[in-house]
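Reader: Hi! I am new to reading protein structures. Could you walk me through this one, step by step?

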Amino acid sequence: MDNMKILIDKLARAHTLSKDEWVQLIRGRTKENSEYLFLLARKFREKYYGHDIYIRGLIEFTNYCKNDCLYCGIRRSNKNARRYRLKKEEILSCCRTGYALGFRTFVLQGGEDGYYTDEVMEDIVSTIHSSYPDCAITLSIGERSLESYQRLFDAGASRYLLRHETFDASHYARLHPAALSAANRQKCLWDLKEIGYQVGTGFMVGSPFQTPENLADDMLFLKRLDPHMVGIGPFIPHQETPFAREQAGTLSLTLFMLALIRVMLPKVLLPATTALGTIAPDGREQGILAGANVVMPNLSPQDVRKDYLLYDNKICTGDEAAECRQCLERRMNSIGCRTVVARGDSLNI
């Protein structure tokens, strides 16, 4: 057995590696070793979650953002973005549609938009919570204060997604404006965990300037944080950003990192992201076969979906919610899995 397989087997036993071992494994990735890893990742997923794939109803409710991240299509400096905000009634309409289609988790995602103050968000969250008490409410609205996170938790939000993007401070600084820091991003994640949220984090794969050492640091951070969910996806350039001409991340490395995360954190919730489906027609299916167990069809109104473009060529911007749901069900069935109507809480507790 070659050294890479020995390292993969060690990871499967101990669920951790040293930084040097992570770097060696990531650098030494081959097609053969990847297939071996994917098989192990599927076994761990099936041990805890069977063949069930959880669906989340994604509501992208604002594409205004105060930040100017160099990779993001809704960055403040993109003057060509057509901006929108959904009113409370529009968000609730998305929830009604989703509930009728079987969704039991709503993910409210948006840029860091000052319009949605704590009071505004509290009102939205508490109304959804009282209207659909059997549903989980996930927020993905960026960096806020501990007090803000607590207020939204008390209003009924139980999950929060906040990708750390990259753990290394110097790499983080090359991707973000000076006002943002890796340290504050990570502090937010620890705050969320302390409050009692089910916490999701993650990183871009193949972002500009990224090294195997950066990815190793990301894996070590995930192990320490021990989140309930991890969302990763390939970096995909957007034409209206400073990184427009940068090389996109690859499907193969993204799948490899997905599988490593599943083996390291066997009980974690792991989405097969829209970005995977954007860089390959069967990208989400391949993500599931690499150990993922969550998909997130879009419940946003059709007329705004094409405006929430974090990267170019995003898929599913024209489908109705029911079409997205049915399409994903067919896709999951084709690889021996099934979408389930359930909250799908993380077992990584």
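Reader: Thanks! In what order do the strands of the open sheet stand?
Author: Happy to help, and please keep in mind that this is a predicted model. The open sheet is formed by 6 strands, and their pairing is parallel. Reading across the sheet, the order is β2-β3-β4-β5-β6-β8.

Reader: Which strands stand at the edges?
Author: Look for strands with a single partner, because one side of such a strand is left without a neighbour in the sheet. Two strands fit that description, one covering residues 57–62 and the other residues 229–230. They are β2 and β8.

Reader: Let's stay with β2. Which residue in β3 is the bridge partner of E60?
Author: β2 runs parallel to β3, which spans residues 105–110, and 5 bridges join the two. Following the pairing from E60 across to β3, you arrive at Q109.

Reader: Now strand β1. Are its faces covered or open?
Author: β1 is made of residues 52–55. On one side sit D52 and Y54, and on the other I53 and I55. These residues are all buried, so by the cut-off of under 20% relative accessible area, both faces of β1 are covered.

Reader: Which residue stands opposite I55 in β10?
Author: β1 has parallel pairings to explore here. With β11 (residues 338–340) it shares 3 bridges, and there Y54 has V340 as its bridge partner. With β10 (residues 294–295) it shares 2 bridges, and the residue opposite I55 is V295.

Reader: How many disulfides does the structure hold?
Author: A disulfide needs two cysteine sulfur atoms within 2.5 Å. For C95, the nearest cysteine sulfur belongs to C94 and is 6.8 Å away, and C95 is in no disulfide. C95 is also buried, at a relative accessible area of 0%. The number of disulfides in the structure is 0.

Reader: How far is the sulfur of C188 from the closest cysteine sulfur?
Author: C188 is buried, with 3% relative accessibility. Its closest cysteine sulfur is in C69, and the gap is too far for a bond. That distance is 13 Å.

Reader: One last stop: what distance separates the C-alpha atoms of R284 and V294?
Author: R284 lies in helix α12, which covers residues 283–289. With 8% relative accessibility, R284 counts as buried. R284 and V294 are 10 residues apart along the chain, and their C-alpha atoms are separated by 9.6 Å.

How values were computed:
Residues numbered from 1 in each chain as written. Predicted model: local features only at pLDDT ≥ 70, side-chain atom pairs only at ≥ 80, totals over all residues. Heavy atoms only, no water. Pairing = 2+ DSSP bridges. Helix = DSSP H or I, 4+ residues; strand = E, 2+ residues; numbered from the N terminus. Buried < 20%, exposed > 50% of the residue type's maximum accessible area, 1.4 Å probe, protein only.
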